[in-house]
Structures are given as structure tokens and as C-alpha cells.
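Got the viewer open? Here's a short tour, one selection at a time.

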Amino acid sequence: MAVNDLSKRMAKVKPSATLALNAKAKQMKQDGVDVINLTAGETDFSTDESIQASATSAMAAGNTRYTPAHGTVQLRQRVQTWFKERWGLLYEMDQLTVTAGVKQGLFNLMLATINPEDEVIIPAPYWVSYPVMVEIAGGKPVILSTKPEEGFRINPQAVKELITPKTRMLILNSPNNPTGAVQTKDDLEAIAKSLEGTNILVVSDEIYSELVYRDKAFVPFASLSADAFRRTVTMNGLSKSHAMTGWRVGFVAADKSIIKALGSLMGQSVSNITSFVQDASITALDLPKGKIEETRLTMQERRDRVLAILTEYEDIKIPTPNGAFYCFPDLSRWYGKKTPKGKTLENSQDLASYLLEDALVAVVPGSAFGEDRCVRLSFATDLETLEKGSHRLLSALSSLT
Ligand SMILES: Cc1ncc(COP(=O)(O)O)c(C=O)c1O
């Protein structure tokens, strides 16, 4: 054993592919290269001034000490009324906790509920961190493929077929990162029905619930039935809807024994999320509805614009993203083609590297999300950048032979 040997556990921990590409694109930009970065997992808006002011006045008032691990009573009460008023979900106080983003909530949930060899069904394309977190906790990710040609629909029958006596959990993420897919109420209901009589937990990552476009509706999984409510761990937070990614605020709602375990993990690790951020989070939840609606409408306009540009080019298959701020076109028909420099593109990683290095547009290869046919474009940036980026992408594709 060497002094700097890592634990066996670390073999499962890969650096985040999305963060890596974002970092490379940012570095190129810093070096003066005119890169269009379409990899962002956050909006380009600033946190509302009232939220910032709330944090500074909380600091000035001395709210700079440890808080309860679950968060202050005031914040949890506000989260409780938000779940009730915004989503019609009635949670008791001991069914709620706050975490350093949904990410930490998920990580702790895996540690709290997964035993070695437990199976966790994860629909693909998936958010990059789910399989890694499951593996760190000792569980086994069981991937359920969904297809671009079916709009990334999660077929309830396919879920049913993957259930074994070892299935512990199903992770749902609608609206989805990276596809923008929003599952229908009918399909979610059918999934809920097929879980009845089992002890399978559903983790519903609803971080993009405020970003759903046109006539589509967001349905919290826990709202589907009493049985669904009982088995669902609902995850939400302020990162995407309130432009607060750096503040690290997530909400978890679940059965009280699970919440208690999450509190113990929080208490033994981080202690609590930042004290004055908790005051600011109350202000965030108090923001007039119109502010969040402005964000949604801006994103909708951007989505429409990107789709209009990309779909003009009829060869691109692009399932309509009805939520979140990503589109996930299938570009696999360009695999096997040669770049102007003579390199043959084999997969989404090659394509993303070509786009970044030769066309100066950064996207994330679909392989990071378990779907190598696609790449992810984020439309959480201004229209001018999006238009420029989309045209660069199209022109780079048409240069392939
Ligand atoms: C699907 C999904 N879940 C969770 C997160 C993490 O959110 P948070 O900032 O609340 O940790 C992200 C962020 O990109 C995400 O896309």
C-alpha cells in the first residue's frame, strides 16, 4: 500500500464529464478564443437582488452560526407551504429537510437507503451523477434505455420488466436533463400502478419543475396516488428556477424515517447548509410568481429559436424538449464521416471534440448521459449566442464528408 493510495470506492468515482467540458470551453474563452459555450447546466441570470439583500441582512443580523441539521424551522415551514401551494403536496414537518442542493440530497439518500447489490433502475439518458452515486453507495445501476425516436418516453411496461426481487429504487427525472423530456401523466400513473405491492422507492428529481413549455404540464410523482406519495422521495430546489446554483439549496420530502436518516448524515458530515442562505431561501420562495414565469418564458423563447434553427436542417433528428433547458439531438448519422482535417468521427466524444476544436462550439457528448447517438446543447444562454452557436454547429456538420 502506498501513502497516497485511494480507497477501492474511488474506482467508481469519475470526474463529471459535463464539468470537464465546461471547464475546457471556459479556459479556451479565457485564452481569448471565441468559443460559444452551450454546455451550461445553469441559467445566465443573476440571483434576484431581493434574495441577495436577504442574505446580507441575515449576516448583519448575526445569522452566522450553526443551524439545525434539517435547516431552520422557518425555512422548513416555508418549504412545507411551497410544496402545498405550488404542487399540492401535503408534507408534515418531519417529512422535510434541506440539503446543499439536490445533488447532496441524492447522495445522502443513496447512502441512507441502498445496501450492497441493491438494484436501482435508472432511465437513460440520465443525469451524469445518478449511476455514480448509486455505485458509491454499493448499489447496482440497472439502465432502462429510452429512445430519441420515441421522444425519450419511459415505457411503463419496460420499467415493469426490469423489476426483480433486488430492485430497491427507481429514479425519475422529469423534466429531464439531458433530453428535456417531460413524461406524461398517463405514463407516470402506469408506472406508479406497476410499483404497487412492492417496496421500491421512487426518487423523483423535480429540479426542473418550474421550466415546462407551451401546453405541457408538470406532474409531481408523489401527487399521483396515496401509494405513490408513500413511496416517493421528492427532490427539488432553487438552483434552476431561481438562478441560485452557487447557493446550494435543495429540498427533500419523504417518509419521516428517511428524512431522519438524511438529518443524521447531514449532522455527521456538513452539519447544515449555510445559515444566512437559509434566510435568503425564504425570500426566494416568497418571490412573486411573475419572476419565475419570466424565467420560464425567456427559456421557452430560446428553446423555440434553437429548435427553429436546427430543424430547418432536415437531417437533424431532435426530440422536442418540453422542459428544462437542454436539447439532445441525435447526430449519429454523421458518425463514420471525416472532418476537414481528415479525422473520422466514431462517436459523440469525437463529435463534441471536433465541434469544440474546429467549430468553436462547446456541447456535451451524449455518452456522458448513457446515449452515444446524441449530444447535449444547453439553451440557457442569450439568443444571439444561441443563434451563433447553432449556425456554427450546422456549418461544422455540413463540412463533414
Ligand atoms: C437532473 C438534475 N438533478 C440535480 C441537479 C443538481 O441540482 P442542485 O444544484 O440542486 O444540486 C442537476 C444539475 O444540473 C440536474 O440537472
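Before the first stop, a definition: two residues are in contact if their C-beta atoms, placed from the backbone, lie within 7 Å. Keep in mind, too, that this is a predicted model.

Start by selecting helix α9, residues 256-268. This helix lies across β2, β7 and β8, and runs at about 30° to β2.

Now bring up the sheet those strands belong to. It's an open sheet of seven strands with mixed pairing, and the order to follow is β2-β8-β7-β6-β5-β3-β4. Color β2 (96-99) and β4 (140-145) next: they stand at the edges with a single partner strand each, so one side of each is left without a neighbour in the sheet. Look along the sheet and you'll find a twist that averages 20° from one strand to the next.

Zoom in on β7 (residues 232-237) and β8 (residues 250-253), which pair in the antiparallel sense over four bridges. To pick out one partnership, click glycine 237; its bridge partner in β8 is glycine 250.

Next up is α4, which packs on the sheet and touches β2, β5 (167-172), β6 (201-205), β7 and β8. The direction of α4 makes about 155° with that of β7.

Stay with α4 (residues 101-113) and show the ligand: with three residues, this helix gives the most to the shell around it. Which residues come nearest to the ligand? Of the 13 around it, they are Gly101, Val102, Lys103, Asn177 and Ser239. For a last look, color the shell by residue type: three are nonpolar, eight polar and two charged.

Methods: Residues numbered from 1 in each chain as written. Predicted model: local features only at pLDDT ≥ 70, side-chain atom pairs only at ≥ 80, totals over all residues. Near = placed C-beta within 6 Å. Helix = DSSP H or I, 4+ residues; strand = E, 2+ residues; numbered from the N terminus. Nonpolar A, V, L, I, M, F, W, Y, C, P; charged D, E, K, R; others polar. Pairing = 2+ DSSP bridges. Axes fitted to C-alpha atoms, helices over the stretch in contact; angles between N-to-C directions.
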